[in-house]
Amino acid sequence: MIPFSPPHIDDKIIEEVVVALKSGWITTGPRTKAFEQKIAQYCGIRRVLNVSSASAGLELILRWFGIGPGDEVIVPAYTYTATAEVVLHCGAKPVMVDVGDDFLITPDNIRKAITPNTKVIIPVDIAGLPCDYDDINRIVNEPAVREHFHPTNDVQRQLGRILVMADAAHSLGARYRNRRTGALTDITVFSFHAVKNLTTAEGGAICLNLPEPFDVDALYQELCTFSLHGQSKDALAKTKPGNWRYDVSCAGYKCNMTDVAAAIGLIEIDRYEDMILSRRRAIFEAYTQAFKDDNRFQIPEYETVDKTSSFHVYALRLRQADEARRDAVIQRIFDQEVSVNVHFIPLPMLTCYKKLGYDIRNYPVTYDNYSREISLPVYYDLTDEQVELVIEAVKKAADLE
Ligand SMILES: *Cc1c(COP(=O)(O)O)cnc(C)c1O
C-alpha cells in the first residue's frame, strides 16, 4: 500500500532529538528559540513565537485580540475544522463564506460578509496556495471599512481595523508577489503537525507582523508569557541560581513548544527549501504532466504570475462527477493499494456546524470543489516509481466509470 503522507524521519533528525533529550533541557528552551529565529529569517520577518499547535496559536491570538461573544470572525467554509473551532472556543461567531474555483476564500465574498461586528478575518492557504492578500489587506484598510470597525479594547483600538490572521497550516515557504507567507498578513500561523510539509510531530508557529504602533519585540514577550500561564519567568529562566521568584500577570494559557519538538524542526527548516520543497514540486509536476491533457481531470493551480505554492496538497478534481461517483473512484484507487484523501469535508457538512445552523447549500462553489476532489499522495519519500503507480491507479479508477 502506498501511504498518503508518512513523516520523513531520518538519522539526522533522530540524532538531534537524542542530543536534545540528553542535554538536560527538554521543554521550551534554546532549541525552541533557535527554531523561532530560523523561521523568522526564512519568512523575512522579525518575530516568531513557537507554540504547541497551529490551533493553539490561532486561539492564542484571538484571545489576545479580545475576541468574545458578539464578535464575528470571517472564515472560509472550505477548510479544516480548527480554523472555525477556535472562534467557537472564544464564544464568537464564525461567519463562513464561499471560496473560489482555486479553493481559496475570495476577497469579494469577504467584503460581502463584513459587518460592524467583524473583528478578524482568517484566510486559509488551502493546499499551500496563498490567498489574494493584497486585495484582502486593501479591504480591511479601506476608510469605509475602518469606519465601521468598533474596537472594544485597547489592542483593537491600537490596530483600528479588522485583524487579518492567515491560517497558513499548509503554506510554509509559499510565495505571493515575491514575499513568503508569514510576511503577508498581520499574523500568520503555521502548523507542524505530523502530516504537514514541515513537522515537529505536533507544533505551530505564530508570525508577528503587525504594523506600527505595535512593537513586535514587546508583543513577542507578552505572548510568550500568555502562552505559559501568564507567568513572568519561564522554567529555563527560573533555573538560574537564586532566580526563583515569579509573578503571574494574567490567566494565561499553556501551549508552549518543547525543545524535543524543536530539535526536529531545526533539522527540517535548514533543508526545507532545497530538499523538501523541491521534491514536492517535482511530484506536483509529474502529476500535472500526467493529468493535464486528460479531459477527465482538472489539475490544481499551484503556480501563477503572483503565487507559488508550498506544494502541500495535490488537489486533483474529476471534471464530471458528483460526490457518489468521486467516492466510487476513490474506492477503486484504494483497491489498487494507493492511499488518497479528500481535503476537506466542508465545515457546513459536519455535525458540529450543522447543529449550529450552517447549511452547505449556501456554499455552492465549496460543495462543487469538494464533491469532485481527490488529494493525491505527496511527500519526500514518495519515489518516482510510486508516483507512476499513483498515476496509473487514478487513471484506471477513472476508466471504470
Ligand atoms: C492542520 C490544520 C490546522 C491545525 O493544525 P494543528 O497544528 O494540528 O493545530 C489548521 N488549519 C488547517 C487548514 C489545517 O490543515
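In this predicted model, a good place to begin is a pair of helices, H1 and H11, whose crossing is right-handed. Helix H1 covers residues 11-22 and helix H11 covers residues 259-270, and their axes come within 8 Å of each other while crossing at roughly 145°. The residues that meet across this crossing are Lys12, Ile13, Glu16, Val17, Ala20 and Leu21 on the H1 side, and Asp259, Val260, Ala263, Ile264, Ile267 and Glu268 on the H11 side.

From here one can step back to the chain as a whole, which is divided into domain 1, residues 11-270, and domain 2, residues 272-399. The centres of domain 1 and domain 2, taken over C-alpha atoms, are separated by 27 Å, and the contact between these domains takes 44 residues from domain 1 and 35 residues from domain 2.

The interior comes next. In soluble globular proteins, nonpolar side chains tend to be buried together. Here the largest nonpolar core has 75 residues, and those with the most contacts inside it are Trp64, Phe65, Val120, Met165, Ile187 and Leu223. Helix H3, which spans residues 54-64, supplies the largest share of this core, namely 7 residues. Because domain 1 (11-270) and domain 2 (272-399) both give residues to this core, it lies between them. A second core, separate from that one, has 53 residues, with Phe35, Ile283, Val329 and Ile391 among them.

One member of the largest core, isoleucine 187, can be followed through its contacts: leaving out residues up to four places away in sequence, isoleucine 187 touches Ile61, Leu163, Val164, Met165, Ala166, Ile206, Cys207, Leu208 and Leu210. Several of these neighbours, including Ile206, Cys207 and Leu208, bring us to strand E9, which is made of residues 204-208 and is joined to strand E1 by 5 bridges, the two strands running antiparallel. Within this pairing, arginine 47 has leucine 208 in E9 as its bridge partner. Strand E1 itself covers residues 47-51, and since 4 of its 5 residues are buried, E1 is largely enclosed by the rest of the structure.

Strands of a sheet pair through backbone hydrogen bonds, either parallel or antiparallel. An open sheet elsewhere in the model is formed by 3 strands in the order E7-E6-E11, with antiparallel pairing. Its edge strands are E7, residues 179-180, and E11, residues 307-308, each of which pairs on one side only. Strand E6, residues 175-176, is joined to E11 by 2 bridges, and arginine 175 stands opposite threonine 308 in E11.

Two residues outside the helices and strands complete this tour. Leucine 228 is found in the loop between helix H9 (216-226) and helix H10 (235-238), and its relative accessibility of 18% falls under 20%, so leucine 228 counts as buried. Apart from its neighbours within four places in sequence, leucine 228 is in contact with Asp234, Tyr253, Lys254 and Asn256. Its C-alpha atom is separated by 9.9 Å from that of valine 51, although leucine 228 and valine 51 are 177 residues apart along the chain. Serine 5, in turn, has its place in the segment before H1, and because its relative accessibility is 19%, serine 5 also counts as buried. Not counting residues up to four places away in sequence, serine 5 touches Val195 and Tyr379.

Methods:
Residues numbered from 1 in each chain as written. Predicted model: local features only at pLDDT ≥ 70, side-chain atom pairs only at ≥ 80, totals over all residues. Heavy atoms only, no water. Core = buried A, V, L, I, M, F, W, Y, C linked by side-chain atoms within 4.5 Å. Buried < 20%, exposed > 50% of the residue type's maximum accessible area, 1.4 Å probe, protein only. Domains from an automatic or database assignment. Contact = heavy atoms within 4.5 Å. Pairing = 2+ DSSP bridges. Axes fitted to C-alpha atoms, helices over the stretch in contact; angles between N-to-C directions. Left-handed = near helix turned anticlockwise from the far one by under 90°.
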